[in-house]
Amino acid sequence: MKLKDCHNFEDFRKLAKKKLPSPIFHYIDGGADDEVTLNRNTSSFNDYDLVPSVLNDVSNIDMSTTVLGEKIDFPLFPAATAMHRLYHHEGERASAKAAEKMGTIFGTSTMGTVSIEEIAKVNKGPKLFQLYIHKDRGLTDNLLERCKKAGFSSMCLTVDTVVAGNRERDRRTGFTTPPKLTLGSLLSFALHPGWTINNLIHEKFKLANIVHMTQKGTSIDKSVIDYINEQFDPAMNWKDAEYCVKKWNGPFALKGVMSVEDAKKAIDIGCTAIMISNHGGRQLDGSRAPFDQLAEIVDAVGDKIEVILDGGVRRGTHVLKALCIGAKACSFGKGYLFALAAGGQKGVEKILENMKTEINRDMKLMGCKNLGELNRSKLIHRK
Amino acid sequence: MNLKDCHNFSDFKKLAKKKLPSPIFHYIDGGADDEITLNRNTSSFNDVDLVPNVLRGVEDVDLSTTIFGKKIDLPFYCASTALQRLFHYDGERAVGKAAQKFNTMFGVSALSTVSVEEIASLIDTPKMFQFYFHKDRGLNDAVLERVKAAKFDVMALTVDTITGGNRERDLRTGFTSPPKLTLSSLFSFASKPMWGINYLTKGKFELPHLQDHVSEGTNIATSIGDYFSTMLDQSMNWKDAEKLCSQWGGHFALKGIMSVEDAKRAVDIGCSGIMVSNHGGRQLDGSRSPFDQLAAIVDAVGDKMDVICEGGIQRGTHILKALSIGAKACSGGRLYLYALAGAGQAGVERALSQYRAEIERDMKLMGCNKISDLNRNNLRYRKI
């Protein structure tokens, strides 16, 4: 299997599995508990049917939309995810360059492995920074100020990670950051020499945005679960979120809102957008899928705040279905991370290109010339 | 597995798999993206239950119906499908003759491998031609005139292939028309030598309706998805369809209508029928299945035009369920294509005879003597 044979999510996943030591692959691939929510995130799309219109002259399709104050070429962007250099030695540099090339927003995480400043150098397009509130509040201010200075276009605060989810695959594989050789994982690292060699010969792995503030996760082997539980502030509340919104003073999103009530509060504190998300099924298993919850949230707040669907997106038709319900755009994590692991920048470009092609094709088959023509009359819930 | 062991859809599929080089088998068998719609097309029938009536005196059952002004002996027909000589060297000749034997309608594709003139000389059962609206208007006019001269009964314009579907099996196998030997498909062609010998010795592969106008598909190997995307006119709109309808001047259908609104517009532009179809799950994955959508469309236009339910049909009971909802008839592609690949005309005849026997048996078990006895009182939706 090679990059050119990757036609869909599952292909990229297979290639990533081939390339990555198994603890790292399973860190991306896994979810919380029994992964019921992880699976539902994707299968929820299959309970809805698209109903195409025909004979509508689709020779020109406009897939562009404006989200978080930025016009993007198509309604999908790579969500902010942690630790790209674990997956490919180029790390966030690769994904950032790919997103710019494909004309969409790039999201980078507090837990990124390439610094805010360096990302701003390699990506001149719209950039989103994803913030975790640490117990050390000085760190929050520092990150907000650095992002502003580096020219990031929008900020998002993750609110579904006050404690770590029960990611049992990580317990079994002994996944830590930076990766730690254990007797159990030794064989898996040895079997993926390409990854291991790249990891050793390129610059030292570090959580580049917070390295100066904390030693955890940088030089001391930590499981992500332990890191979250020790460093993130579980006392975080709406006042803290409002503080960040004000301090940022630009397009701001809350990531991980699932209830209508919280969506309304997000408007009250001045957010531009919410990301309906359960953190890719990695936090509370048995919780609702973003797509299942989307209509309720759009009905309540869709005219006052941008609603972004995050989670389970693997196909162009998934994006179309979310937009029919009223989402402004979608974001995805696992898909492009597998692609990053599979082929670095080229891999991420390929999956974004595939998704863009799918959305274009699917718009034509739906008989829609622009995203505004997607609405609920074109989608039937199969009960 | 031999023809005599084929008792149902899945048996024919197994036989076809045995006979065909794998790129060709998967071209027939596959759908778009994750094949969710392809599978739903059939599974949708299982969410609705038949409720039989008893003691109705069912020794004689009349299976005939009238569509597009033509009486046919069966409430289903062979949908137009492309490239049949790739599946069996007799191609459309075999399917046409089998359809004639059972007095049902035969659909011929613009991408057929036997000419309308030859088909018209072979059979006199009702014939439908399936039209693709090409960028080349000269081609469009020429095809329409040929079909008219060959005295076909119905013209169907396909409206759901404005661009090629994402048929990933074809991407993997490298399927093209005409077939191209690649290193990866070599083994699969070599392992089915009879197919290869027949392909090379039983007459040159041609697309007689198109080859005078375009090289793609005959002299230039192209995937069907690419053919749709590059050769068909993506600006096609309702005015074009209306013009074509009046240019034809006879029974005219739109194939691939899924929305109620489009069904109503089809009535407005003068169509006498529509095929509720998603192109066998080969175009937009995640789109609705014809059977799921049938009731809404029949309610809106069923009294004004013939509504044909196309897609997912693998059993006589599937046809009974669609007719109960109000379809005038059903049609299908795979339901005879595997049989064609498996055994040519004899295969198609065996498949048609089995569907006929199933429908007749099922009508008796339902307590119905004629198609019009079937109605929605015979059906219950299992989920609300």
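**Strand 6 of chain B and the A–B contact**

Author: Let's start with strand 6 of chain B, residues 127-131, in this predicted model. Strand 6 is mostly covered, with five of its five residues buried.

Reader: Okay, so which residues sit on which side of strand 6 of chain B?

Author: Lys127(B), Phe129(B) and Phe131(B) are on one side, while Met128(B) and Gln130(B) are on the other. Both faces are covered.

Reader: Why do the residues swap sides like that?

Author: Because side chains in a regular strand alternate between the two faces of the sheet.

Reader: Got it. What does strand 5 of chain B do with strand 6, run parallel or antiparallel?

Author: Strand 5, residues 106-109, runs parallel to strand 6, and four bridges join them. As an example, Ser109(B) has Gln130(B) as its bridge partner.

Reader: And which helix goes with those two strands?

Author: Helix 6 of chain B, residues 116-122, does: together with strands 5 and 6 it makes a right-handed β-α-β unit.

Reader: What about strand 7 of chain B, how many bridges there?

Author: Four bridges, again in the parallel sense, between strand 6 and strand 7 (residues 154-158). Met128(B) stands opposite Val154(B) in strand 7. The chain gets from strand 6 to strand 7 through helix 7, residues 137-149, in a right-handed β-α-β crossover.

Reader: New topic: how many residues does each chain put into the contact?

Author: Chain A gives 27 and chain B gives 30. On the chain A side, helix 16 (334-366) has the largest share, six residues.

Reader: How many of chain A's contact residues are charged?

Author: Ten are charged, alongside ten nonpolar and seven polar.

Definitions and conventions:
Residues numbered from 1 in each chain as written. Chains lettered and ligands numbered in written order. Predicted model: local features only at pLDDT ≥ 70, side-chain atom pairs only at ≥ 80, totals over all residues. Buried ≥ 20, exposed ≤ 12 C-beta atoms within 10 Å, placed from the backbone. Pairing = 2+ DSSP bridges. Right-handed = clockwise from strand over helix to strand, strands pointing away. Contact = placed C-beta atoms within 7 Å. Nonpolar A, V, L, I, M, F, W, Y, C, P; charged D, E, K, R; others polar.
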